Amino acid sequence: MMNYKEFLILAAAALLMGLSSKARPNDLYLTTTVRSYHADRHADYNEKNWGLGLRYKLDADHLSAVAGVYKNSLYKPSIYAGLAYTPIKWLTDVNVGFLVGGVTGYLEHAVPIFVPILMYQYKEVGINLIGIPPLGNIDSVVALQLEWRL
């Protein structure tokens, strides 16, 4: 398994490659992780998951590189990086798909993730809902992110 240093290097390299390939200013979003809702309402999980990240659109509609940091459900810092692929259009401004990548802060090593994501965009702002299955000792959770086009 990957250690934290290897994961950080990989995440930074992926983000820089995405940003350097014909980056257009309107393709970059500032993302803030804000809340989560855990299925187990009796556990002492942190549900105020403040964090910052970036999302860079790699194509016009469906593929984005994502990376960021946040305070996770165990009250520890987590770093995530990956690709969001949202090919399904639902209603007018909602895209549905999945997020594949990795996250730190839950186990001793970075953990691979493959989770569903729902992205709502309206002009310069967006809302992301991410469904996360049980991981280690943590029950399933839905995470909320807000984002602004830079």
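## A pocket lined by strands, and three places around it

In this predicted model, the largest pocket holds about 500 Å³ of space. Its lining is made up of 35 residues, and those lying nearest the centre of the pocket are Y70, V103, I113, I130 and I132. When the lining is sorted by class, 24 of its residues are nonpolar, nine are polar and two are charged. Strands 1 to 8 each supply at least two residues of this lining, and the largest share, seven residues, comes from strand 6.

Strand 6, which covers residues 111-122, also carries one partner of an aromatic pair, F114. The structure holds three aromatic pairs. One of them joins F98 and F114 in a tilted arrangement, with 4.8 Å from centre to centre and 35° between the planes. Because F98 lies in strand 5 and F114 in strand 6, this pair ties together parts that are 16 residues apart in sequence. Together with Y85, the residues F98 and F114 form one aromatic cluster.

How buried or exposed are the residues discussed here? The table gives the relative accessible area for four of them, and a residue counts as buried under 20%, as exposed over 50%, and as partly exposed in between.

| Residue | Relative accessible area | Class |
|---|---|---|
| T31 | 3% | buried |
| L63 | 27% | partly exposed |
| F98 | 28% | partly exposed |
| F114 | 57% | exposed |

T31, which is buried at 3%, lies in strand 1, a strand that runs over residues 28-38. Leaving aside residues up to four places away in sequence, T31 touches G51, L52, G53, L54, R55, Y80, N128, Q145, L146 and E147. With E147, the side chain of T31 also makes a polar contact, from side chain to side chain, at 3.5 Å.

L63 has its place in strand 3, a strand that covers residues 63-71. With residues up to four places away in sequence again left out, L63 touches Y56, K57, L58, L83, A84 and Y85. Y85 is therefore a neighbour of L63 in the sense of having heavy atoms within 4.5 Å, and Y85 is also a member of the aromatic cluster with F98 and F114. As for L99, this residue is 36 residues apart from L63 in sequence, while the two lie 9.8 Å apart in space, taken from C-alpha to C-alpha.

Terms used: Residues numbered from 1 in each chain as written. Predicted model: local features only at pLDDT ≥ 70, side-chain atom pairs only at ≥ 80, totals over all residues. Heavy atoms only, no water. Helix = DSSP H or I, 4+ residues; strand = E, 2+ residues; numbered from the N terminus. Buried < 20%, exposed > 50% of the residue type's maximum accessible area, 1.4 Å probe, protein only. Polar contact = N/O pair within 3.5 Å; in protein donor to acceptor, adjacent residues only side chain to side chain. 1 Å grid on protein atoms, 1.4 Å probe; cavity = no way out; pocket = protein on both sides within 12 Å on 5 of 7 lines; lining within 4 Å. Points joined across faces, edges and corners; volume = space filled by probe spheres on them. Nonpolar A, V, L, I, M, F, W, Y, C, P; charged D, E, K, R; others polar. Phe/Tyr/Trp six-rings, centres within 6.5 Å; stacked < 30°, edge-to-face > 60°.
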